[in-house]
Amino acid sequence: MDMADLGAVWLTLKLASVVTVLLLLIGTPIAWWLARTRSRLKGVIGAVVALPLVLPPTVLGFYLLLVLGPQGWGGQLTEALGLGLLPFTFPGLVVASVFYSMPFVVQPIQNAFEAIGERPLEVAATLRASPWSAFWSVAVPLARPGFLSGAILGFAHTVGEFGVVLMIGGNIPDKTRVISVQIYDHVEALEYAQAHWLAGGMLVFSFVVLLALYSLKQRGKGEAR
Amino acid sequence: MIRKNFRLPVALFALLCSAGLSHVKADEVQVAVAANFTAPMRKIAAEFEKDTGHKPVLSFGATGKFYAQITNGAPFEVFLAADDETPARLEKELLIAPHSRFTYAIGKLVLWSAKDGVVDGNGEVLKKGAFKHLALANPKIASYGTAAVEAMSKLGVLESLRPCFVQGDNITQTYQFIATGNAELGFVALSQVYKDGKLAPGSAWMVPSLLYTPIRQDAVLLAKGRNKPAATALADYLKSDKAKAIIKSYGYDL
Amino acid sequence: MSTDTFLHARFRIERRDFCLDVDLTLPGRGITALFGHSGSGKTTCLRAMAGLEHAPGGRFALGDEVWQDDARGVFLPTHRRPLGYVFQEASLFPHLSVRRNMEFGQKRGGGSASVSLATVAELLGIAHLLDRRPASLSGGERQRVAIARALLTAPRLLLMDEPLAALDLKRKQEILPYLERLHDELSIPVIYVSHAPDEVARLADHLVLLDNGRVVASGPLMETLARTDLPPAFTDDAGVVLETTLARHEADHLSRLEFPGGAILVSQRPEALGSRLRCRIHARDVSLTRHRPLSSSILNILPATVAAIAATDTPGQVLVQLRMGETALLARITERSRRELLLEPGQPVWVQIKAVALLA
């Protein structure tokens, strides 16, 4: 592994962490709303959140490039806000990944919220807990397995993401060249040895992270029982 | 005249490589084509089928990927690469019919912007550097990228422009970066911005050919196609005047 | 809370296959039972009182504290109502220990110093369970914790939705004494939803009979149970409840229970003399004679006066209401017996009580 590979590894971990945290912040209210609303918009919003599951990543990346570009409304918005254009920047990668990994975080959390049902929140209300307080003291702890699953999947999915970042990132060393792109470049350049090392490392790392989180989840379940 | 192919692993692999390829007709020829040559190859294939009755089955993709597939037994018979290195490597590995390698097209590099007035007729814009992003294909893996780096190096602007680089992993992606306006300008293949004898809207500078090593795109008759009349016929057809005219009309040199 | 505080509840909730329409004024202390068969609207009514259901146009007030009055745009959300609610299933928070479950409401209920966690835990016999997780408790223990948790919010009204329904007989027997203690020690009104006559007879002071979303009867327990004009659904199992005092023990292992207007003998009771004991006398266990029987195996034969006679939904059977001083009894007899005995209101008779169910 050379410096470029290490840079890609570091960048990937940074990206996946930032995206996971952001997705928990953004995805939780969306999941809560989806789990509890009786609005007719529920189907529409749910479908929009799930869309990245359907679209091929490069297609999604292409449209993000269009939307976030100088002619797109997203690009005009970010420029009006003084953020500049997002494509080919780390924040651009973050935005694309947040969008792309959204269903992997929202759906487990939504399922967990739905599984809790109405009753514990009613109980909390009869114990003087405001809806806000009931959310934090009852809904969130009870949905912990869902949060854990969502975080695991969101992180893992961002680490493994390729098509979207390739499209929106422009493959800039240390800025947007993540591991998956680096591996792809090695493979395309027929540098199989480096590709194997990096891909193997990524597999081992992901396996260890997933294993750790899943055993944590298992233990959490044991405690609750 | 349908002969079922009972070699299951190969058939399965073929199915994976290109959908619908579950059986092979005697007069079909399996062709792997570099993505940048998609449009001209479609036209050539149509003419070829009309003239010979053989039916070319075309798969388009990245040259590096095709290399990996061919070395692992993919059932391609003719391969049109985007460079000359990959066919040479296949030749060294004895995966092609002897002496079957030839240059079917020479790619031309162009500096292009989707906006009028960005690129001038002499490439001066590169020296001024008044832009944020310059798109090019990844020089490590795409020959157009290598050529772009070479040209900038000869112009003495490589190091000053490097911070502006955004790299597409192939020239199609590079083209999209520029076409969507996310990169103000960039190096693409002339074939991408040259349609019906005219340049696409925007502004362009044809990079002089002395600034870079010619981008040779070589084709080979693969070992699997060695004794197949349809395959040898296609390889020959690519050298015909009719094919050459089509290739040139798409902005390639020969 | 003074005894002249009343609770007023007026709700109308229409659903596709059901309509609740009640207008109730209930006593401001003691246990009021909302009694009815399943589907009668008891739980919906209780949820409306808690604000868990919003009955548009409804009103709910505890004395002069108005929790809902839609006519004046008042609707306190549940968490702003100083009430305790015990659900049918215990609904403890599985992620919190027993102690933390109890503290959940306590710290949000304004932390009234008058109710300490230790006192309530003692009252409900759960002091030894405080550090356990809900999952490791029995059904009865969980329900006691849930009741304790509700009490610790320092409620001004306790709502209980069939708190024993999910428990087997043994667990019920384990909890009932605690509920009786609550009855004796709590000064707040309790609304207790039930479809079990025994629970109601044992615990309630006031009885509301609900049928098909409507109030059929509402009044003091003993008076209401002695009525003969209730719908058939309630007269099948008719019977009265007597509030008695254990007066003395007698020979032959008998105890004498006195009530205003008479006394009965039952098998010897373990309780101390002077204890108050409720017993239930089913109408089908009471028979009548014109003259005092000279010899009978029946122990309890008492003089009474016929107060009223009503038909039942069983052809050939009537329900007779009897008075013994302040106390009322019901007897279920055949129409033929009534005719042969020439029973009319105001007539003196002898009452033979075949069985007495002690509710303790």
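**Close-up views of a predicted model**

**View 1. Where the two domains of chain B meet.** Seven residues of domain 1 of chain B are in contact with eight residues of domain 2 of chain B. On the side of domain 1 of chain B that touches domain 2 of chain B, three residues are nonpolar, three are polar and one is charged. As a friendly reminder before you zoom in further, this is a predicted model.

**View 2. The two domains of chain B, side by side.** Domain 1 of chain B is made of two stretches, 8-106 and 216-249, while domain 2 of chain B covers 109-206. Taken over C-alpha atoms, the centres of domain 1 of chain B and domain 2 of chain B are separated by 29 Å. For orientation, chain B holds eleven helices and twelve strands. Of its 254 residues, 49% count as buried. If you like contact maps, here is one more value: among contacts in chain B between residues at least 6 apart in sequence, 77% join residues at least 24 apart.

**View 3. An open, mixed sheet in chain B.** Follow the five strands of chain B across the sheet and you will read the order β2-β1-β3-β12-β4. The sheet is open and its pairing is mixed. Which strands stand at the edges? They are β2 (55-61) and β4 (102-107) of chain B; each has a single partner strand, so one side of each is left without a neighbour in the sheet. From one strand to the next, the twist averages 20 degrees.

**View 4. Strands β1 and β2 of chain B, paired.** Here β1 (residues 28-34) of chain B runs parallel to β2(B), and seven bridges link the pair. A good place to rest your eye is V33(B), whose bridge partner in β2(B) is F60(B). As background, strands of a sheet pair through backbone hydrogen bonds, either parallel or antiparallel.

**View 5. A helix packed on the sheet of chain B.** Helix α10 (residues 229-237) of chain B packs on the sheet and touches four of its strands: β1, β2, β3 (78-80) and β12 (215-221) of chain B. The direction of α10 makes about 40 degrees with that of β1(B).

**View 6. Chain C against chain A.** This contact brings together 19 residues from chain C and 15 residues from chain A. On the side of chain C that touches chain A, β7 (83-86) and α2 (98-108) of chain C each supply at least two residues. That side of chain C has nine nonpolar, eight polar and two charged residues.

How values were computed. Residues are numbered from 1 along each chain as its sequence is written. Chains are lettered from A and ligands numbered from 1 in the order in which they are written. This is a predicted model: local features need pLDDT of at least 70, side-chain atom pairs count only at pLDDT 80 or more; totals for chains, interfaces and linings use all residues. Ala, Val, Leu, Ile, Met, Phe, Trp, Tyr, Cys and Pro count as nonpolar, Asp, Glu, Lys and Arg as charged, and the others, Gly among them, as polar. Two strands pair if DSSP finds at least two bridges between them. Axes are lines fitted to C-alpha atoms, for helices over the stretch in contact, and angles run from 0 to 180 degrees between N-to-C directions. A residue is buried if 20 or more other C-beta atoms lie within 10 Å of its own, exposed if 12 or fewer, and partly exposed in between; C-beta atoms are placed from the backbone. Domain bounds come from an automatic or database domain assignment.
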